[in-house]
Amino acid sequence: MLLRPQEKVADMTTLEAGTHERPKLVEDNYLTHTTGLKSWLLTVDHKRIGLMYLVSVLGAFFMGGVFALLVRTQLLTPEGTIMGQDQYNQAFTLHGAIMVFLVIIPSVPASLGNFILPIMLGAKDVAFPRLNLFSYYLWIIGALFFVMAMFTGGLDTGWTFYTPYSTDTNSAMGGVIPALTGAFILGFASIFTGMNFLVTIHRLRPPGMTWFRMPLFPWSIYATSVIQVLATPVLGITLALLVVERAFGIGIFNPALGGDPVLYQHFFWFYSHPAVYIMILPAMGVISELISVHSHRHIFGYSFIAWSSIAIAVFSFLVWGHHMFTSGQSGLVSVIFSAITFSVAIPSAVKIFNWLATMYKGTISWNTPMLYGMGFLFIFTIGGLTGLHLGTLATDVHLHDTYFVVAHFHYVMMGSALLAFIGGIHHWWPKMTGKMYNENAGRFAWFLVFVGFNVTFLSQFMLGSQGMPRRYATYPEDAGFQIYHMISTYGSYVMGLGFVVTAIYLVASLFSGRKAPANPWGGRSLEWQCASPPPWDNFAEQPVVGDCYDFTVLEWSEKEQGYVWRSDIPHPDGSPAAESEGSH
Amino acid sequence: MSFLGSVAGTLLAFNDPLVPTSGQGTFWMPESASTQAPFVDHVFDFITVLSYFFQIVITIVLVWFAIRYRKRKGQVNFEDDGPVHNTALELTWTLVPLFLVVGIFYVGMAGFLDLRRAPSSAYEVSVTAQKWSWSFDHPEYGVNQAGVVTVPVGRPVEFLMTSADVLHSCFVPAFRVKQDIIPGRYSRLWFEATKPGVYQLYCTEYCGTDHSKMLALVEVLPEDQFQETMGKLATEYMDLPEQDLPTYALDRLYNRCSSCHSLDGSTAVGPSFKGLWDRTANGETVFKDGRRLSDMIGPGKEFPEPEDYIRDSILVPQSHIVQNYAGAMPSFQGQLKERQVLALVLMMKYLDRMVDDQGNRIESPDLNELDPGMGEVEASAPEIGDENEFDAVATAGKGG
Amino acid sequence: MSQLDINPAHGHDHDHHDHLPHQGHHWRDSKQQFEAGKLGMWLFLSTEILLFGGLFVAYAVWRANHPEIFEYGSQFLDTFWGGLNTCVLLLSSMTMAMAVTYSARGQMKAVAICLVLTLFGAGGFMVIKYIEYNHKIHEGLLPGMYFYEKPEASYMWLPLDEQGREAEAAAALSAEEQSAAFAAQVQLESEMPPAPANAEIWTKSPAATGPEGFTDSKLKVETSELRAFLPDSVIGKVENSGPLLKFAEDTSPNKELHLAHPLQDPERPVNAQKFFSIYFMMTGLHGIHVIVGGIVITWLLILTLRGRFSYDYYTPIDLGGLYWHIVDVIWIFLFPLFYLI
């Protein structure tokens, strides 16, 4: 291990002034434990790796967002405003590829998961810390390959790399092979992260934390990791086949050589549909935490939420064919895939109802993470319900490859997964940085993002059902599409502004934010039992595991400006018998 | 691309430009103009109403809880006396959505199977998608259209589609039909239009640079007008001036020859059209029985003019088989009108003006000064054209 | 190392002093670490199997669609070398298993010997693979478009005219014969049912408007096969290699019997190159895994020689062994799929 336990060195840095009464000593936390660039670049500490992931993913998010705004601006008028056909094709391809491979897939698991999961489990690190660092660098290399794709001829295949377009050197631009290589490498970063979490959850839970005493966030990460480990290798080999196909002309997907372009779609969606759940499951885990902690209310139907994550993970492997109802696959196959697709709707609905029931009789704090949580419930319901239109065979034929699909998956991927990620960042920001952000600025930015998001994408449902095909740089003037495109574009500007405001107040909090207490929200899971920011080895002593959703034992302390154990209830540390207070 | 583009150009020259009918759609759906559309709309509306219901209920409950149970100022600890588990409730909100989605699935499936099965009596159109244009063939009339496809109203129409390059997808919103088009494979799509009009057809599978311009129109006509249009399209060459005939043949007729006769000199089942005229005019061709063409062309011989030999090869190909070839060509007697044969002869004669050495089309070929005397083809071979009702017109046009 | 480190092995540890150097600070004891390592390895192996699984599915789909390509292509593989390689790999798997057993008994010298033997197995496998690949490359049996680059590569075979038998070559390729072949084809086509008399015959298939189209004619398919991706110069070389189509065996005394390159064989199935494409892909990916395995075994050997392992800590050897077995198992599937059936 690269980090050796060493006594902290005094006066390494000084803390920003805070209102608290603590002695102004240099704290030994994971941020200050060792210093220097090398101590970050070669760190095996899961918290530092998680933080590096967070910064990198947000950087990629910025890039993807710029491409999204370019795409939206182009579509203000039927003939396009700022780009030519090829430029537009590159813009939406890079937007999609960056957002999927570089942002959403690693967002919650690799950044928040890396930081929070081991602490939630009371562990000192993930199971394989060096593998963890390795997968971070795989992510960096993969991202560099994407950058390289932009400079080696560009990439205009769409993020799905459909054959035979992508393998035809006369059609697709020159950046296909670097981009495929990048996606392949990112896939392995994702596999190693998933493996690491699976082993961590299996082997590093503390004594007393049985499977059903785990918080729900680890459950969702567990379900996600199963998908990552089982589906991503298939994507890897598919992308490798594409590279070989394009470089050598082997013809596996080339009809001119007796190959089958639809086989590629099967291969691709066998991964990429489960990948949708790689994106949404961790978000659901975040939401379970946000809703229960900020409602100060025991999560409702714990086991149903936990099992529904597993059910979604299992079903996710069986529904890939619903992306191909119009591809010419046999009718029977389509019918079967449609039937299984509907079965995914059930566990998702169960989660929604359980979250709502959690809020019932709660004590709901209207702070930024909770606003993101409630926004998630609204947005994810729309995303889920419009999934019904698309899973239904007769209507999907009309809606497939139109803006209805675009709107649907943005409601799920962007409005649900990414906004849950942003909400999770707010929730764990005090823990990660040790600083409180400005709550009112947070509420204001959430409002901008929420309104902007819905304006942007609600209009795209009508656009799609009226027949506007996706991936169009221009559109017919007389089809009545322009008004929806304009609404959508202006909404995207509002949303973009919301993210800019978010970035500003979060960065500002690093410099002028109030010092965060150990437990600012009143959470019960183990990460709120260590200091903010956590010490380098998380817990000096193995923490005592209680019911992680029992919030009645906490109370607000003016002195700490955070929540502490209630003075009138004996702490389980002192009397082991008192631990039973946590169970209902 | 240039090939199809020029077809479109030709078509536009003969028809007024069509614009899509601005039909009355609903808030969600565009105009409905096929027999399948009402059903799809009903399913869509059913799911949408269900979605409205759940969305509104969930939103109301969400907002109500958020306000009713908001945290009050100064609250320092929390009572939690709400339920944390209720199996009956859990089962309710598991099973009710389950029954609903089973219902939705069943309705959607039934409609989908109908969408896939075309009636056997369907009128068939062969569709070829190619970056970034559409080509529609009407085998029943020997008509090729590009940019617009004309179909009859009230009769099932089936598109038999394939792609010449990458994936495409044929989507007509007004008919609620969509089907991917895959190179090397045929896929089918059928619809029965219910009202005459002009409807937009989109490519909905991303296919590269001009994907968003890969549009076409579906012109739905009443049966009598449809027959009339087809008849007109099938004989449009009658009105063409002679200098347009070579281009017409290359655009519209050569695709029937292309699988056996190349334009770039490469040998396929039959000899290449490249240099064919020179070989014929110079009499270089040698036949299987050892005779040379130079011995057969000339006044009083079998073929008075080289054109006669080519005409004979198209209509009675088995009479003279060129050395080293098997004589695989079918007769086009009865399939080609006399003026079309003339167009083909002229195409071969002036091929080098229209096509470069690699077999690629030359943009805007110079065909203004054609060799005088080309009309002699018909004049010297009247006995074959006798049964052709268009022959008189064709001959009448020879002086032009 | 930490307060939680309550390893029972501490008391009677004979290799280490205060704490076990291999143990990460986040583990409670080395049993936990070992079990986590093993679980991680099995997960990794499952991803490996899925990685190859994708290729096996590709193989299955391909073979189901075009069995003739595989039947034809497999005759170019040498069962002797393939079988020998199977034996080498199986033996090396055995020595690897022995290494794990010996390390559990603490016989570290025997472990080192077994690892060396396993390493020899890995090296031997790659040498044999090199011989096979080299032979294929020399004969021009290459994947994808490279298959078409050296149609004359089969050096043991010479065209008849180069052997001074021009007349024979000319006779073999007489126009008569070509015409006869075409006539037979026409005969076949004319046996198809006639079109209805009232219908205008539409001889053009819709696809034929494409660059080359897809027709049933073998000759056309061959051309489209070439056109799909080859540079024009190469197409010309292949298409104009008419006289090369007939080959005679070079009967010089020291020449072995060789099969002609498929391009010289007019009887080859369409797209014969696909066999070599998937052969090189699958065995190549497997070869990469063998090389990685060799590196891992070398690393294990170095650590063994440095005395890092003992009977109570040999996790890397155990996990390395698992990896090596999976490499072996994959080959056990590859060998019959390519060489035997």
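**Helix packing and interfaces in a predicted model**

Modeller: In this predicted model, helices α2(A) and α3(A) run roughly antiparallel to each other.

Colleague: Why are α2(A) and α3(A) called roughly antiparallel to each other?

Modeller: The axes of helix α2 (residues 46-74) of chain A and helix α3 (residues 85-120) of chain A cross at roughly 155 degrees and come within 7 Å. Angles over 145 degrees count as roughly antiparallel, and α2(A) and α3(A) therefore receive that description. The crossing of α2(A) and α3(A) is left-handed, and their contact has 23 nonpolar, nine polar and one charged residues by class.

Colleague: What makes α6(A) and α7(A) roughly parallel or roughly antiparallel to each other?

Modeller: Helix α6 (residues 216-248) and helix α7 (residues 261-295), both of chain A, have axes that come within 8 Å and cross at roughly 160 degrees. With the limit set at over 145 degrees, α6(A) and α7(A) are therefore roughly antiparallel to each other. Their crossing is left-handed, and the residues of this contact divide into 21 nonpolar, eight polar and one charged.

Colleague: How do you know whether α4(C) and α10(C) are roughly parallel or roughly antiparallel to each other?

Modeller: Helix α4 (residues 108-138) of chain C and helix α10 (residues 315-340) of chain C pack at an angle of about 30 degrees, their axes being 13 Å apart. Angles under 35 degrees count as roughly parallel, and α4(C) and α10(C) are therefore placed in that class. The crossing of α4(C) and α10(C) is left-handed. On the α4(C) side the contact is made by C:Met108, C:Val111, C:Thr118, C:Ala122, C:Phe125, C:Lys129 and C:Glu132, and on the α10(C) side by C:Ile317, C:Trp324, C:Trp331 and C:Tyr339. By class, the contact of α4(C) with α10(C) has eight nonpolar, one polar and two charged residues.

Colleague: What makes the meeting of B:Arg185 and A:Asp260 a salt bridge?

Modeller: The side chains of B:Arg185 and A:Asp260 meet at 2.8 Å, N to O, whereas the limit for a nitrogen of Lys or Arg and a carboxyl oxygen of Asp or Glu is within 4 Å. This pair therefore satisfies the rule, and the count between chain A and chain B is two salt bridges.

Colleague: What is the area buried between chain A and chain B, and how many residues does the contact take from each of these chains?

Modeller: Chain A and chain B bury about 7800 Å² between them, of which carbon and sulfur atoms give 66%, and the contact takes 99 residues from chain A and 83 residues from chain B.

Colleague: How many salt bridges does the rule find across the interface of chain A and chain C, and what area do these chains bury between them?

Modeller: The rule finds zero salt bridges across the interface of chain A and chain C. The area that chain A and chain C bury between them is about 3600 Å², 74% of it on carbon and sulfur atoms. In chain A, A:Lys124, A:Arg203 and A:Leu257 lose the most area to chain C, together 17% of what that side buries. The contact takes 43 residues from chain A and 42 residues from chain C.

Colleague: What is the omega of the peptide bond from A:Thr163 to A:Pro164, and what is the omega of the bond from B:Lys131 to B:Trp132?

Modeller: The bond from A:Thr163 to A:Pro164 is cis, with omega near -5 degrees, and A:Pro164 has its place in the loop between α4 (129-151) and α5 (176-203) of chain A. The bond from B:Lys131 to B:Trp132 is likewise cis, with omega near -10 degrees, and B:Trp132 lies in the loop between β1 (123-130) and β2 (133-138) of chain B.

Colleague: What is the phi of A:His296, and where is the place of this residue?

Modeller: A:His296 is not a glycine, although its phi is positive, at about 50 degrees; its place is in the loop between α7 and α8 (302-316) of chain A.

Notes. Residues numbered from 1 in each chain as written. Chains lettered and ligands numbered in written order. Predicted model: local features only at pLDDT ≥ 70, side-chain atom pairs only at ≥ 80, totals over all residues. Heavy atoms only, no water. Axes fitted to C-alpha atoms, helices over the stretch in contact; angles between N-to-C directions. Helix = DSSP H or I, 4+ residues; strand = E, 2+ residues; numbered from the N terminus. Parallel < 35°, antiparallel > 145°, perpendicular 65-115°, else oblique. Left-handed = near helix turned anticlockwise from the far one by under 90°. Nonpolar A, V, L, I, M, F, W, Y, C, P; charged D, E, K, R; others polar. Contact = heavy atoms within 4.5 Å. Buried area = accessible area lost by both parts, 1.4 Å probe.
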